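I'm opening a fresh page for this protein. Here is what I'm going to look at before I write anything down.

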Amino acid sequence: YSALTEAFEDPEVSDIYCLKYNKIYVEKNGKNVKYPHSFRNEKHYNDFIERLTKEAGKELNKGDSKILDFDLYEDRYCAVEDVVAPNGKSITIRKHGLSHITLEQIVQFGCMNAEVANFLGMLIEGESNLIYAGLTGSGKTTSIRALLDYYVSKLNKRMLVCEDTRELFPSNDHTLELVTVKNEDPKIAVDLRQLVMTALRLKPKYICVGEVRGIEAESAVEAMATGHSTIFTMHAGKPIDAVDRLVDKFLTAIPNISAEVAERKVANSVDFVAIQDDIRGVGRRVTSITEVGYDVKNKIITLKTIMKYNFLTNTFDFVDKISEEKAETMMRRGVKLDKLYPYTNWESDMYKSYKVGE
């Protein structure tokens, strides 16, 4: 890795940003830091980039490959030619962590407390359809990976993972990982939409899509609607943004249906949206968990905040209850009433009579 060896060998460095041969930054423990080393000159730097792209079987050029995305040894790269980056060629590297952050560490770091983790675990156990959203760099992939590693492995259920680039590396033993194949020839290429459609035929309990950002939204919604617990990440800062983006992408895939139909299908398929933020001076936090529904009478999507992060008290406050419909669906998937009851509006007398009958 030449001048970048120290950055690659440092486990605290997650990203490397080469703006030009003698201007390099790294992200270390979540903070941007000026890197103390540089390449000897521009030729040394350009040769380094060329060697990486060749190793990945690609070529950066001034023709049809001015911007090049590629994977190498499970790290992600984006190289940009100098006709696009006027200060010189640029390369950005997102390192793959050698060890996964566990759910216990996520809680210790304060990203969520034990109750929020248990609630999200209950949604996973109940095979709910969940969007785990956040802005770039909010740590959503790290958190959803920790949740899936802990809860799906504990439940011992079959999971299918569909990704453009391998990021999740799930620890659940009964998991089939599928990745896209990029090619200019559509007969050779395999996109994310095809992977999700394939996953539907492989009898999974869970379908986890690394990130939904295009026409694969249609197949992800279909997976949700057909009873496969579907969980994916998405770039969005608010619950409504996540739902709106999903509707937009759904319409892109099926443009001949109305917006009203698309909204109804999405709202009836998605169960919950969790938002994670990286808050300056505070750190990464799950800032809300929202239930998604559909008002048939008024023909609108409904959003109900279940948990909200309180910035004043630095606490995770459960501010509302989940609907009876969502609770009953989770019970049909095996979640015990004792676990669900604190998060429902069920009458205590009804609960007591249920316990007596049990």
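How far apart are the mean positions of the positive and negative charges of the protein? I looked that up before anything else: the 49 positive and 54 negative charges have mean positions 1 Å apart. Lys and Arg count as positive here and Asp and Glu as negative, with His and the chain ends not counted. Each charge is placed at NZ of Lys, CZ of Arg, CG of Asp or CD of Glu.

A note on ground rules. This is a predicted model, where local features need pLDDT of at least 70 and side-chain atom pairs count only at pLDDT 80 or more, while totals for chains, interfaces and linings use all residues. Residues are numbered from 1 along each chain as its sequence is written, and side-chain values use heavy atoms, with hydrogens and water left out.

**Overall build.** I find twelve helices and 15 strands; these are DSSP runs numbered from the N terminus, helices being H or I of at least four residues and strands E of at least two. The radius of gyration is 22 Å and the globule rule gives 21 Å for 358 residues, so the protein is as compact as a globular protein of that length. That radius is taken over C-alpha atoms, and the rule is 2.2 Å times the number of residues to the power 0.38. Along the principal axes, the C-alpha atoms fill a box of roughly 80 × 50 × 40 Å.

**Inside and outside.** I noted that 47% of the 358 residues are buried (under 20% relative accessible area; exposed is over 50%, partly exposed in between, with a 1.4 Å probe and protein chains only).

**The start of the chain.** I followed β1 (residues 13–20) into β2 (residues 23–28): they pair antiparallel over six bridges, and pairing takes at least two DSSP bridges between two strands. Two residues link them in a hairpin, and Lys20 has Lys23 in β2 as its bridge partner. Next, β2 runs antiparallel to β3 (residues 31–34), joined by four bridges. Val26 is bridged to Val33 in β3. This hairpin also has two residues between its strands, and Asn29 in the turn has a positive phi of about 55°.

**One loop residue.** I then went to Asn113, in the loop between α3 (103–108) and α4 (114–125). Is Asn113 buried, exposed or partly exposed? It counts as partly exposed, because its relative accessibility is 25%. Beyond its neighbours within four places in sequence, Asn113 is in contact with Val107 and Phe316 (heavy atoms within 4.5 Å). Asn113 and Asn345 lie 232 residues apart in sequence and 23 Å apart in space, C-alpha to C-alpha.
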